[in-house]
Amino acid sequence: MKHLATSTIVFAIALFASGAPGVTARSADDAQAAPQRTQPPSSDGKLNIIAFGAHPDDCDQRAGGTAAKYAALGHRVRFVSVTNGDAGHQTEGGGALAARRRAEAQEAGRRIGIEYVVLDNHDGELLPTLHVREQIIRQIRQWKADLVLAPRPNDYHPDHRYTGVLLQDAAYMVVVPNIAPDTPALRKNPVFMYFEDGFQRPNPFRPDVAVSIDEVIEKKIDMLDAHVSQMYEWLPWVADALEKVPKDAAARKRWLRETRAGQPAPAVRATLTKWYGPEKGNAVRYAEAFEICEYGTRPDEAMIRKLFPFLPNP
């Protein structure tokens, strides 16, 4: 038996060495046909920014102004809604509402020159499953993201919370080729950052970067205005304030600015003075702020300035 085992091993080695079918490594043609496993970052000097929200208006509210500033400089921005928004209305729902909200999102993106993607997961039913995680991973890889923005995983809405969890779960896996292998893995892990929120427990939002959006506030309002089903119908209805929504289009935009563009919180104001200096930082009226996630690449000040090229020079 020992002699037979030895002979079998010797025969197998001989087959491998001789290039026998089924035992050899891939031929040159096969190797060329195999899918690319990794992809390097973009090299044209433009940034790839991707932001994830649970619903088709979430990114606009938290990063619409910053996205407009990136787009104005020629950088590439994609907003992704992880659900299709098919539950967010008082009188509509299902496929018809999902189609309406997808159209609103695409119009919002068109208004400032960015791409807007709506994934087909049900609103109000989002869970941090492997399937959805792989959707997130593919989006980040396809966009060759340098910076990824998302909500923190502590929020009143389960869809918001789980969107944050999904992004955390994707933060390392985007560089692992054997995870979601149909989409080439990134060779460089992006920087992941959180949107601002006002929740205090288990820990409050910490603004590491704050961006003045004074000069693009009208563009942000224009984006929000595209989400008619939310800004003028659903959200006012939930707040028992539907009767306060103006009927006139211009008045509606003024009302949006009054109700959706608040002044910077004290912690954000302090961060504005850090990046813009006391005089300019204290003069900012509208801002968006972001917190560095502990996962992904941890940026130093030089990298932050590269990722946010509209911050003033030191």
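Two strands pair if DSSP finds at least two bridges between them. Helices (H or I, at least four residues) and strands (E, at least two) are DSSP runs, numbered from the N terminus. This is a predicted model, where local features need pLDDT of at least 70 and side-chain atom pairs count only at pLDDT 80 or more, while totals for chains, interfaces and linings use all residues. Residues are numbered from 1 along each chain as its sequence is written, and side-chain values use heavy atoms, with hydrogens and water left out.

**Exercise 1. Find the bridge partner of V191 in β9, then place the two strands in their sheet.**

Step 1. Start with strand β7 (residues 191-195) and strand β9 (residues 287-296): they run antiparallel and four bridges join them.

Step 2. Look along β9 and you'll land on G296, the partner of V191.

Step 3. Now zoom out. The sheet is open, has seven strands with mixed pairing, and reads β4-β3-β2-β5-β7-β9-β8. At its edges sit β4 (115-118) and β8 (209-212), each pairing on one side only. From one strand to the next, the twist averages 25 degrees.

**Exercise 2. Work out how the axes of helix α4 and helix α8 cross, and which residues meet.**

Step 1. Axes are lines fitted to C-alpha atoms, for helices over the stretch in contact, and angles run from 0 to 180 degrees between N-to-C directions. For α4 (residues 94-112) and α8 (residues 228-238), the axes come within 9 Å and cross at roughly 125 degrees.

Step 2. Angles under 35 degrees count as roughly parallel, over 145 as roughly antiparallel, 65 to 115 as roughly perpendicular and the rest as oblique. So α4 and α8 are oblique to each other.

Step 3. Contact means heavy atoms within 4.5 Å. On the α4 side you have R100, R101 and E104, which meet V228, S229, Q230 and E233 of α8.

**Exercise 3. Decide whether H160 and T271 are buried or exposed, and list what they touch.**

Step 1. Buried means under 20% relative accessible area, exposed over 50%, partly exposed in between (1.4 Å probe, protein chains only).

Step 2. H160, in helix α6 (residues 158-173), has a relative accessible area of 11%, so H160 is buried. Skipping residues up to four places away in sequence, H160 touches A54, H55, D58, P151, R152 and D155.

Step 3. T271 belongs to helix α10 (residues 266-276). With a relative accessible area of 7%, T271 is buried too. Beyond neighbours within four places in sequence, the contacts of T271 are P207, D208, V209 and A210.
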